[in-house]
Amino acid sequence: MGIYLNPGAAGFKMSLNSEIFVDKSELLDVTNRYVNTQQRFMCVSRPRRFGKSMAADMLAAYYDRGEDSSSLFASLKISGAASYHVHLNQYDVIKVNMQEFLSMTHDMDDMLAMLQKYLVFDLVEHFGDIRFRDENNLIQVMKDIYAKTKRSFVILIDEWDCLFREYQQDQNAQKKYLDFLRAWLKDKDYVALAY
């Protein structure tokens, strides 16, 4: 549907087509347990090259309401779980790779402004029938969408910690980033799952 909103299953399809694919789909049974609960915020910190991006692609393909991905999961372990059909393709998904935004900008303010601008673009384009209070404010746009649709989002942030590698000595930039994440996600009804 969009670049960041309901990105589809292309990334996960590529993983499935690879010779080295390992079925980690039971992760979905774990994430399903925490959808729309107080524990819906998950931070996965594993070593590099451990499959975090592939897991994010899998989560996007599974939760994304923009397309039916049941054929991708039919032969995987998750298909036998009780929670499988409950959450399959039931959410609007926002998937971002923070390294991409960090690489395109020169400082934290520019990165956060670009991220919000691009996400709002996808959201306003997709939910064009909704009257928004402030089309320039990501949080308000998502609140307005949730108020109208009563559907919460699955938010997937890949490379969420890249900033701490790139700005190791810049505590002000780190604080701005964490403050943004807190404001965007914490205690927001529009978040079904943040991973």
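Me: What does a side-chain oxygen of Asp 107 reach at the start of H7?
Reply: In this predicted model, that oxygen comes to within 3.1 Å of the backbone nitrogen of Asp 109.

Me: Nice. Where does helix H7 run, and how many residues does it have?
Reply: Helix H7 covers residues 108-126, which makes 19 residues. At 1.5 Å a residue they should span 27 Å, and the end C-alpha atoms are indeed 27 Å apart, so the two values agree.

Me: Which residues of H7 are buried?
Reply: Among them are Met 108, Met 111, Leu 112, Met 114 and Leu 115. Further along, Leu 119, Val 120, Asp 122, Leu 123 and Val 124 are buried too.

Me: And what covers them?
Reply: The cover includes strands E1 (92-97) and E2 (153-158). Helices H6 (98-104), H8 (138-149), H9 (162-166) and H10 (171-185) also take part.

Me: Tell me about those strands. In which sense do E1 and E2 pair?
Reply: They pair in the parallel sense, over 6 bridges. One of the partnerships joins Ile 94 to Ile 155 in E2. E1 is also mostly covered, with 5 of its 6 residues buried.

Me: Changing topic: how many disulfides are there?
Reply: The count is 0. Cys 43 is in no disulfide, and its nearest cysteine sulfur, that of Cys 162, is 13 Å away. A disulfide would need the two sulfur atoms within 2.5 Å.

Me: Is Cys 43 buried or exposed?
Reply: Cys 43 is exposed, because its relative accessible area is 54%, and the cut-off for exposed is over 50%.

Me: What about Cys 162, buried or exposed?
Reply: Cys 162 counts as buried, at 1% relative accessibility.

Note on methods:
Residues numbered from 1 in each chain as written. Predicted model: local features only at pLDDT ≥ 70, side-chain atom pairs only at ≥ 80, totals over all residues. Heavy atoms only, no water. Helix = DSSP H or I, 4+ residues; strand = E, 2+ residues; numbered from the N terminus. Expected span 1.5 Å × (residues − 1). Buried < 20%, exposed > 50% of the residue type's maximum accessible area, 1.4 Å probe, protein only. Contact = heavy atoms within 4.5 Å. Polar contact = N/O pair within 3.5 Å; in protein donor to acceptor, adjacent residues only side chain to side chain. Pairing = 2+ DSSP bridges.
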